[in-house]
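Morning, everyone. I have one structure to go through today, so please have the sequence and the coordinates open.

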Amino acid sequence: MGKRIPTNVAKELFSNWTAVGGPGKAISRAGYRDTFESWFSLTELKEYIQYLEDNITPEQNPGVRVYFGSYGNQPGPQKGFSTIFLAPTREVSSEEVVQNSNDYNLDAYNSGGTKWPLRLLIKI
């Protein structure tokens, strides 16, 4: 389960992610740098959460899993760049374990705003 973390811990996590040579190192191509963050408005997050609540009962413990992704070889300006997307989860029980599993019958959520390269189009 998630928890609130102090700002200094968040800053350290981000610094570790963007460190030169680290897993989130900025890449560049065609004069643009890869994104390092995504932004979603409260309105769109509430709408997505409402969509999940409308389709997953409280007893099934609805949730959201956050994934890092890449647009891979998809044509267009996003080709090869990173993204973050949200995936719906629900509780699934078997004889041995209870876990939150992805619900592949519902849509995931993407297209948050970003700093690099899509929203501000900062040239290197």
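I will go from the overall fold to the sheet, then to the aromatic residues and the core.

One thing before the details: this is a predicted model.

Start with the inventory. There are three helices and five strands. Along the sequence they come in the pattern α-β-β-α-β-β-β-α. The protein has 124 residues, and 26% of them are buried. The accessible surface is about 9200 Å², with carbon and sulfur atoms contributing 55% of that. On contact order, take the contacts with a separation of 6 or more: 54% of them join residues 24 or more positions apart.

Now the sheet. Which strands form it, and in what order? The order is β3-β4-β5, three strands in an open sheet with antiparallel pairing. The edge strands are β3, residues 63-70, and β5, residues 98-102, and each of these pairs on one side only. Direction ignored, neighbouring strands in this sheet are turned by 40 degrees against each other on average.

Look at β4, residues 82-93, alongside β5. The two pair in the antiparallel sense over five bridges. If you want a register mark, V92 stands opposite Q99 in β5. Helix α2 lies across β3 and β4, and its angle to β4 is about 25 degrees.

One residue to pick out on β4 is T89. Is T89 buried or exposed? T89 counts as buried because its relative accessibility is 4%, and the cut-off for buried is under 20%. Not counting residues up to four places away in sequence, T89 touches I56, N61, P62, G63, V64 and R65, and also N100, S101, N102 and D103.

N61, from that contact list, deserves a look of its own. N61 sits in the loop between α2 and β3. Its phi is positive, about 50 degrees, although N61 is not a glycine. With a relative accessibility of 35%, N61 counts as partly exposed. If you check backbone torsions, that is a residue to colour.

On to the aromatics. How many aromatic pairs does the ring-centre rule give? The count comes to four. I will show two of them.

The rings of Y48 and Y109 have centres 5.1 Å apart and planes at 40 degrees, so this pair is tilted. Y48 is in helix α2, while Y109 is in the loop between β5 and α3, residues 115-119, so the pair ties together parts 61 residues apart in sequence. Both Y48 and Y109 are buried.

Next, Y67 and F85. Their ring centres are 5.3 Å apart and the planes are at 15 degrees, so the pair is stacked; the limit for that label is under 30 degrees. Y67 belongs to strand β3 and F85 to strand β4, so this pair ties together parts 18 residues apart in sequence. What about exposure? Y67 counts as partly exposed, at 29% relative accessibility. F85 is partly exposed too, with a relative accessible area of 26%.

There is also a cluster. F40, Y48, Y51 and Y109 form one aromatic cluster. Take Y51 from it. Y51 lies in helix α2, residues 42-55. At 26% relative accessibility, Y51 counts as partly exposed. Beyond its neighbours within four places in sequence, Y51 is in contact with L106 and D107. From Y51 to L106 is 55 residues in sequence, but 9.0 Å in space, C-alpha to C-alpha.

That brings us to the core. Which residues make up the largest nonpolar core? There are seven: F40, Y48, L52, I56, L86, L106 and Y109. Why is Y51 not a candidate for it? Core members have to be buried, and Y51 counts as partly exposed because its relative accessibility is 26%.

Y48 is a convenient residue to centre the view on. Leaving aside neighbours within four places in sequence, Y48 is in contact with L86, A87, P88, D107, A108 and Y109. Y48 is also a member of the largest nonpolar core and of the aromatic cluster.

To close, here is what to keep on screen. Show the open sheet β3-β4-β5, with α2 across β3 and β4. Then add the core residues, including Y48 and Y109. That is all from me.

Methods. Residues are numbered from 1 along each chain as its sequence is written. This is a predicted model: local features need pLDDT of at least 70, side-chain atom pairs count only at pLDDT 80 or more; totals for chains, interfaces and linings use all residues. Side-chain values use heavy atoms; hydrogens and water are left out. A nonpolar core is a set of buried Ala, Val, Leu, Ile, Met, Phe, Trp, Tyr and Cys residues joined through side-chain atoms within 4.5 Å. Buried means under 20% relative accessible area, exposed over 50%, partly exposed in between (1.4 Å probe, protein chains only). Contact means heavy atoms within 4.5 Å. Helices (H or I, at least four residues) and strands (E, at least two) are DSSP runs, numbered from the N terminus. Accessible areas come from the Shrake-Rupley method with a 1.4 Å probe; for residues, only the protein chains shown count as cover. Two strands pair if DSSP finds at least two bridges between them. Axes are lines fitted to C-alpha atoms, for helices over the stretch in contact, and angles run from 0 to 180 degrees between N-to-C directions. Rings of Phe, Tyr and Trp (its six-membered ring) pair if their centres lie within 6.5 Å; planes under 30 degrees apart count as stacked, over 60 as edge-to-face and the rest as tilted.
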